[in-house]
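Dear colleague,

I am handing over the structure that we talked about, and I would be glad if you kept it open while you read the notes that follow.

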Amino acid sequence: MTAWLEINDLRAKAGDKTILNGLSLSIDAGEVHVIMGPNGSGKSTLSNVLCGNPHYEVTGGSVTFKGEDLLKLNVEERARLGVFLAFQSPVEIPGVSMATFMKYALNARRKAAGEKELDAVGFMKRIKVRAQALNVSDEMLKRPVNVGFSGGEKKRLETFQMAMLEPDFCILDEMDSGMDVDAVKVAGNGVKIMRSPERSFLVISHNIKFIREQIMPDKVHVLANGRVVADGGVELLDEVDKNGFAGFVKEAVA
Amino acid sequence: METLVKRERLTVAENENAVFIERELADRLEIDVKAGARVKHYRLHGGADNALTVRIGENAAYELVTLHLGNGDLSMSFDLAGEGANCRSDVVYILSGDEKSVIASDVRHNADKTVSAQLVKGAVGGRGHAAFQGGILIPYDKKEIDGAQQHRALLLSRDATVEAVPRLEIYADDVKCAHGSAIGTLNQDQLYYMRTRGIDETDARALLTTAFLNEVLDGIEDESVRAEFERLADEGLKK
């Protein structure tokens with residue numbers, strides 16, 4: 001039986017450069033997985049390929065999500081199927097407030113599902129509860145998306161969007177980078193609050209302390225040269241902590 | 001507040017405040033803003049050619065927002081005639097299909113301590129073609145002049161074209177003058193980000209385009225006029 005999310009021998013390139021080189025990985029519903037690996041190993045490319053970023057070209061392999069061929073769907077269809085990416089460096093959108101942005105995103109999902117649009121009261125309720133839980137002020141919601149926010153605030157807003165859209169599969173691309181201790185806790189909290197038997201996480205991070213204390217993953221994978229070179233549990237964290245990625249990278253080359 | 005229909009000449013008396021909303025334009029309109037007067041002027045333009053001439057007197061302030069939709073050439077001329085005169089003349093233009101338009105503006109700083117600012121933003125789709133000709137003249141003997149002109153255009157299709165011809169004639173030294181023009185397409189990273197949240201590409205494009213144009217339209221103080229212009233701009237984009 002295929003897993004909930006099954007990535008099989010995935011190959012992708014950006015321009016002429018091959019980045020994913022036969023990557024296989026499967027995640028079951030409710031699981032939290034962590035991906036580690038040296039810079040350039042393909043971590044961010046994997047998250048973007050799963051979301052359908054047109055900048056990358058898939059040259060082989062398959063991805064099945066909830067029984068559907070994910071690679072056949074366009075970016076927005078994947079999002080509506082439940083794929084969510086918390087970006088490492090979210091883009092700024094001048095002139096569009098976070099509140100407006102979320103209204104569009106929620107209504108796009110409802111429209112695609114044949115439901116009617118959220119009314120103003122329903123929308124405000126949904127936004128208020130989540131903003132409070134994640135320490136997002138009214139002022140942050142009124143300001144244009146990601147414009148003029150600190151790195152930590154942007155990550156907090158990514159977590160907030162994840163809470164608003166309630167995706168089934170959340171990819172967090174280096175959520176903990178560029179954040180202070182408190183902000184890292186907020187990000188970790190977002191994952192804790194949202195963890196459920198129907199929702200899976202793929203967390204990309206270098207921060208072993210963050211992974212251990214905030215994420216508490218079910219499985220850990222090490223990526224090198226565009227492939228998964230080691231699968232395991234939290235014990236893999238100890239190995240990376242002690243010896244770094246050198247041993248894994250050698251394996252990938254050999 | 002007054003609604004103008006096909007009137008040709010207008011004078012705003014000294015120290016008077018006036019708001020003009022033009023929905024149907026005369027072929028030619030001349031406005032004389034006398035000393036100390038304050039004028040806000042909102043125009044809907046499109047379909048036919050139109051020429052506007054404004055003279056701005058001492059310490060008077062004239063503020064214009066034009067929404068141009070479709071065919072028709074628009075010519076605007078601003079004479080900052082009195083010391084301390086202030087002119088703001090913003091434009092939003094939206095073209096689609098085979099529509100063509102030339103938008104020409106001339107700002108003449110004919111007195112000391114005059115200030116002008118102009119923000120022109122356009123969105124052109126289909127096989128539309130827009131030309132923006134933006135002139136600023138500052139004669140050699142004028143002092144403490146501040147002139148700013150920015151033009152930004154979005155090409156919404158591969159066949160759309162926009163050309164910008166700035167004409168800056170600055171003969172004086174005591175001048176602050178900033179100008180720039182940029183013509184480009186929608187930002188791919190922004191589109192991708194919006195789509196990862198489930199927003200259709202078409203809707204994401206429309207939302208980004210509207211946000212781009214609203215930088216001008218948000219400057220309309222009168223709430224009902226702003227709502228009307230934003231609605232018409234949205235309709236113009238959906239054509």
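**Charges on the surface and in pairs**

E14(B), E58(B), E83(B), E144(B), D173(B) and D174(B) gather in a surface patch of negative charge, a patch being made of residues with over 30% relative accessible area and no salt bridge, with like charges joined within 9 Å. This is a predicted model, in which local features need pLDDT of at least 70 and side-chain atom pairs count only at pLDDT 80 or more, while totals for chains, interfaces and linings use all residues. Residues are numbered from 1 along each chain as its sequence is written, chains are lettered from A and ligands numbered from 1 in the order in which they are written, and side-chain values use heavy atoms, with hydrogens and water left out.

Within the patch, E144(B) lies in the loop between strand 12 (129-138) and strand 13 (145-155) of chain B, and E144(B) is partly exposed at 46% relative accessible area (buried means under 20%, exposed over 50%, and partly exposed in between, with a 1.4 Å probe and protein chains only).

A salt bridge is a side-chain nitrogen of Lys or Arg within 4 Å of a carboxyl oxygen of Asp or Glu, and by this rule there are 32 salt bridges over all chains. One of them joins K176(B) to D146(B), with the closest N and O atoms 3.5 Å apart; K176(B) is exposed at 57% relative accessibility, whereas D146(B), at 25%, is partly exposed. Finally, a network of salt bridges links E76(A), R195(B), E201(B) and R205(B).

With best wishes

Note on methods: Patches are made of residues with over 30% relative accessible area and no salt bridge: like charges are joined within 9 Å, nonpolar side chains (Val, Leu, Ile, Met, Phe, Trp, Tyr) within 5 Å. Accessible areas come from the Shrake-Rupley method with a 1.4 Å probe; for residues, only the protein chains shown count as cover. Lys and Arg count as positive and Asp and Glu as negative; His and the chain ends are not counted. The place of a charge is taken as NZ of Lys, CZ of Arg, CG of Asp or CD of Glu. Helices (H or I, at least four residues) and strands (E, at least two) are DSSP runs, numbered from the N terminus.
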